[in-house]
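Visitor: I would like a close look at the aromatic rings of this model, and at the core and strand pairings that go with them. Could you take me through that part in one connected account?

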Amino acid sequence: MDARARRDPWAVAALKRAAYFRKLPIAELERLARRCHPRTLKRGEHAFEAGDACTGLLVIAEGAVEMRQVSPRGREQVLHAEGVGATLGEAPLFDGQGYIASAVAVAPTRLLHVPRAAVFDLCRRRPDVSLAMLEAMARRVRRFAALAEDLAFRQVIERLARHIETDAREVGQSLSPGAVVDLTLTQEQLASRLGTVRELVSRAFRQLECSGAVKRNRSRVVIRDPERLAEIARGGALA
């Protein structure tokens, strides 16, 4: 372990961004930081792959990471995307089994590795940290359940309409006629998020345009009829 990196104040700052640790006293944060070490990833590099042994918790200090699963035929499904302050690896940390998915940097990324023993020691001293982790894992289970529901029961056009609505809300954009949503993902990336293939995403966009709900110009989507878009997102008929 790099002793100089351990003393680097960025490690304490990274821990403070994580929901589990931000309320800890500075002395506790410094104590924990001394047991951590940094990792730097290039865009497209893996933090870990599905099945790898988990040796600790990862905190995203800079950049962004996608959790992905890949089918035997190479089809990719993005389970969730995480940014600064998020943590990765809670489930395998506690059950002692391998990672359930692969973590891929989608931008230059810096991680802080918190060793498993350090996390367990902290949880024993600070039950509030344990409860915060349980709460986060419960939220993630709900997200996975919602994703499974989408993939099992919703058509691609419904998933796309919901994604456009979610993107708009996340940037504070009102869902009103004329509102513009900038989709930052390529169609291939969007297909991975929606659990489908690029050709079906293209078809779904055409269907949304024909319905009058949106008008698309490359990555910019203009909402023409927000009520129609919401109806399609809920599974309403196109006709």
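Guide: What follows starts with the aromatic rings and then turns to the cores, the strands and the chain as a whole. Please keep in mind that this is a predicted model, and that the values below are computed from it.

A pair of aromatic rings is described by the distance of the centres and the angle of the planes. A search of the whole structure finds 3 aromatic pairs, and one of them joins F48 and Y99, whose ring centres are 3.5 Å apart with 10 degrees between the planes, a stacked arrangement. F48 belongs to strand 2 (residues 46–48), while Y99 sits in the loop between helix 4 (90–95) and strand 7 (102–105), so this pair ties together parts that are 51 residues apart in sequence. Both residues, F48 and Y99, are buried.

For F94 and F120 the ring centres are 5.5 Å apart and the planes stand at 20 degrees; since planes under 30 degrees apart count as stacked, this pair is stacked as well. Here too the link is between distant parts of the chain, with F94 in helix 4 and F120 in helix 5 (residues 116–125), 26 residues apart. F94 has a relative accessible area of 37%, and is therefore classed as partly exposed.

Two rings also have an arginine over them. The charged end of R110 sits over the ring of W10, at 4.0 Å from its centre, and R216 lies over the face of F205, with 4.0 Å to the ring centre.

Turning to the cores, in soluble globular proteins nonpolar side chains tend to be buried together. In this model the largest nonpolar core has 43 residues, and L15, F21 and V114 are the members that touch the most others. When neighbours within four places in sequence are left aside, the contacts of L15 include F21 and V114, and also L29, L32, A33, V59 and L112, together with R22. A second core, separate from that one, has 23 residues, among them V156, I157, I164 and A213.

The strands come next, and strand 4 (residues 65–70) is a convenient place to begin. Strand 4 pairs with strand 5 (residues 76–82) in the antiparallel sense over 6 bridges, with V65 standing opposite E82 of strand 5. The hairpin of strand 4 and strand 5 has 5 residues between the strands, and G74 in this hairpin takes a positive phi near 90 degrees. Strand 4 is also joined to strand 7 by 4 bridges, again running antiparallel, and in this pairing R68 stands opposite S102.

Elsewhere, 3 strands form an open sheet in the order 9-11-10, with antiparallel pairing. Its edge strands, each pairing on one side only, are strand 9 (180–182) and strand 10 (214–217), and neighbouring strands of this sheet are turned against each other by 25 degrees on average, direction ignored. Strand 9 and strand 11 (residues 220–223) run antiparallel and are joined by 3 bridges, and V180 stands opposite V222 in strand 11.

As for the setting of these parts, the protein chain has 10 helices and 11 strands, and its C-alpha atoms fill a box of roughly 60 × 40 × 30 Å along the principal axes. Of its 239 residues, 42% count as buried. Among the contacts in the protein chain with a separation of 6 or more, 70% are between residues 24 or more positions apart.

Technical notes: Residues are numbered from 1 along each chain as its sequence is written. This is a predicted model: local features need pLDDT of at least 70, side-chain atom pairs count only at pLDDT 80 or more; totals for chains, interfaces and linings use all residues. Side-chain values use heavy atoms; hydrogens and water are left out. Rings of Phe, Tyr and Trp (its six-membered ring) pair if their centres lie within 6.5 Å; planes under 30 degrees apart count as stacked, over 60 as edge-to-face and the rest as tilted. Helices (H or I, at least four residues) and strands (E, at least two) are DSSP runs, numbered from the N terminus. Buried means under 20% relative accessible area, exposed over 50%, partly exposed in between (1.4 Å probe, protein chains only). A charge sits over a ring if NZ of Lys or CZ of Arg is within 6 Å of the ring centre and within 35 degrees of the ring normal. A nonpolar core is a set of buried Ala, Val, Leu, Ile, Met, Phe, Trp, Tyr and Cys residues joined through side-chain atoms within 4.5 Å. Contact means heavy atoms within 4.5 Å. Two strands pair if DSSP finds at least two bridges between them. Axes are lines fitted to C-alpha atoms, for helices over the stretch in contact, and angles run from 0 to 180 degrees between N-to-C directions.
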